[in-house]
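Q: I would like to learn how to read a protein model. Could we go through one together, feature by feature?

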Amino acid sequence: MTRVLDVENLRVSFPDTGKNRVYPVDGVSLSLDRGETLALVGESGCGKSLTSLALLRLVPSPGRIEEGSAIRLGGTDVLALQGEALRKIRGRRIGMIFQDPMTSLNPVFTVGNQIAEGVRAHFDVSKSEAWQRALKLLEEVGIPDPAARLDSYPHQLSGGMRQRVMIAIALSAEPEILVADEPTTALDVTVQAQILEVLDRLRDSHGMAVLLITHDLGIVAGRADRVAVMYAGQIVEEAPTDRLFARPSHPYTQGLFASVPRITGPVGRLSPIGGSVPPPGAWPGGCRFRPRCPQAFEKSETMPPLLPVETDHRMRCWLAENGADASD
Ligand SMILES: Nc1ncnc2c1ncn2[C@@H]1O[C@H](COP(=O)(O)OP(=O)(O)OP(=O)(O)O)[C@@H](O)[C@H]1O
Ligand SMILES: [Mg+2]
């Protein structure tokens, strides 16, 4: 296994309304091996997007990555990079696909132009070579009649086709890692499945590592090798996907599963976790899930570290100390 990304104790802060700072990403550690898909899952506001932006040093000002955080891309210390060296990792080492392609595509340039531009930003090739490469990329992401589509403008394409173009642009730099932040949330279910299949295929053919960010556990099964569940700025459970689905152990993860009707089956009732993720700055002391947790107990008043449940399976819950998970 070749490790391509190591994130340790990542903390991202913003100033609050007073003199203090809040930490929407608060000590996240994760890693990616070549060819692997890691799913980062959690409710809205838990810090998924900020985590992914931090990987590219794109945390918007006045946010900042705190001292003590580490992001390593192979042998490169991302947090030490500046200027040109930093720009080079964006796209080239880590490609990014966002939820809404319309905000990332330029409406006044054709699809072919934008992809060829992407190719030329990273490789020293002629215009016609870049154009050829753009054509090939459109084929790879499964766009019908790709030669004609090169001359289309973004508004002439459907949402699913635009998202395919975004993937083609991300691929144009041949990145080692592809970060897909809710890449299919805006699409209907059929198109969503097609786009995810494109991502799977490209991961396998290019050997990329994929960080798939989603609030939808339903798209994780059969796709991700491992899952990291995030709550209130922290990873609260991580495990190989099969294991997590067979035995979700953190009470929050169990709540997430209970709220997905497709997983609990057609007769399963939708039972969302009561309450919502508190905003950063309003987190309770101790375990941050405590106020919503049906299994909270005295010890939950102190913050649990990530504790082993089994080999490769850890959770941030004191129930792991009993040698059992919370479902026992
Ligand atoms: N530019 C910003 N300034 C201040 N706070 C921010 C900023 N961006 C994000 N936050 C806060 O950080 C927290 C995490 O945001 P983030 O966008 O990472 O969540 P998320 O898990 O991606 O949610 P979603 O599923 O809705 O995309 C949120 O509480 C959000 O309000
Ligand atoms: Mg987000």
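Q: In which hand, left or right, does α7 pass α8 in its crossing?
A: Happy to help, and keep in mind that this model is predicted. Here α7 passes α8 in a right-handed crossing.

Q: How do I describe two helices like these?
A: Two packed helices are described by the angle between their axes and the distance between those axes. In this model, the axes of α7 (residues 159–171) and α8 (residues 189–206) come within 10 Å and cross at roughly 15°. Angles under 35 degrees count as roughly parallel, and α7 and α8 are therefore roughly parallel to each other.

Q: Which residues of α7 and α8 make the contact?
A: From α7 come Gly159, Gly160, Gln163, Arg164, Ile167 and Leu171, while α8 brings Val191, Gln194, Ile195, Val198, Leu199 and Leu202. Sorted by class, the contact of α7 with α8 has 7 nonpolar, 4 polar and 1 charged residues.

Q: Now for the ligand: which helix gives the most to the shell around ligand 1?
A: That is α1 (residues 48–55), with 3 residues. The shell around ligand 1 holds 15 residues, and Pro24, Ser44, Lys48, Ser49 and Leu50 come nearest. By class, this shell has 7 nonpolar, 7 polar and 1 charged residues.

Q: How many residues of α1 are buried?
A: A residue counts as buried if 20 or more other C-beta atoms lie within 10 Å of its own. In α1, 7 of the 8 residues are buried, among them Lys48, Ser49 and Leu50. Just after α1, look for Arg57, which takes a positive phi of about 55°.

Note on methods: Residues are numbered from 1 along each chain as its sequence is written. Chains are lettered from A and ligands numbered from 1 in the order in which they are written. This is a predicted model: local features need pLDDT of at least 70, side-chain atom pairs count only at pLDDT 80 or more; totals for chains, interfaces and linings use all residues. A residue is near a molecule or strand if its C-beta atom, placed from the backbone, lies within 6 Å of it. Helices (H or I, at least four residues) and strands (E, at least two) are DSSP runs, numbered from the N terminus. Ala, Val, Leu, Ile, Met, Phe, Trp, Tyr, Cys and Pro count as nonpolar, Asp, Glu, Lys and Arg as charged, and the others, Gly among them, as polar. A residue is buried if 20 or more other C-beta atoms lie within 10 Å of its own, exposed if 12 or fewer, and partly exposed in between; C-beta atoms are placed from the backbone. Axes are lines fitted to C-alpha atoms, for helices over the stretch in contact, and angles run from 0 to 180 degrees between N-to-C directions. Angles under 35 degrees count as roughly parallel, over 145 as roughly antiparallel, 65 to 115 as roughly perpendicular and the rest as oblique. A crossing is left-handed if the near helix is turned anticlockwise from the far one by less than a right angle, and right-handed if clockwise. Two residues are in contact if their C-beta atoms, placed from the backbone, lie within 7 Å.
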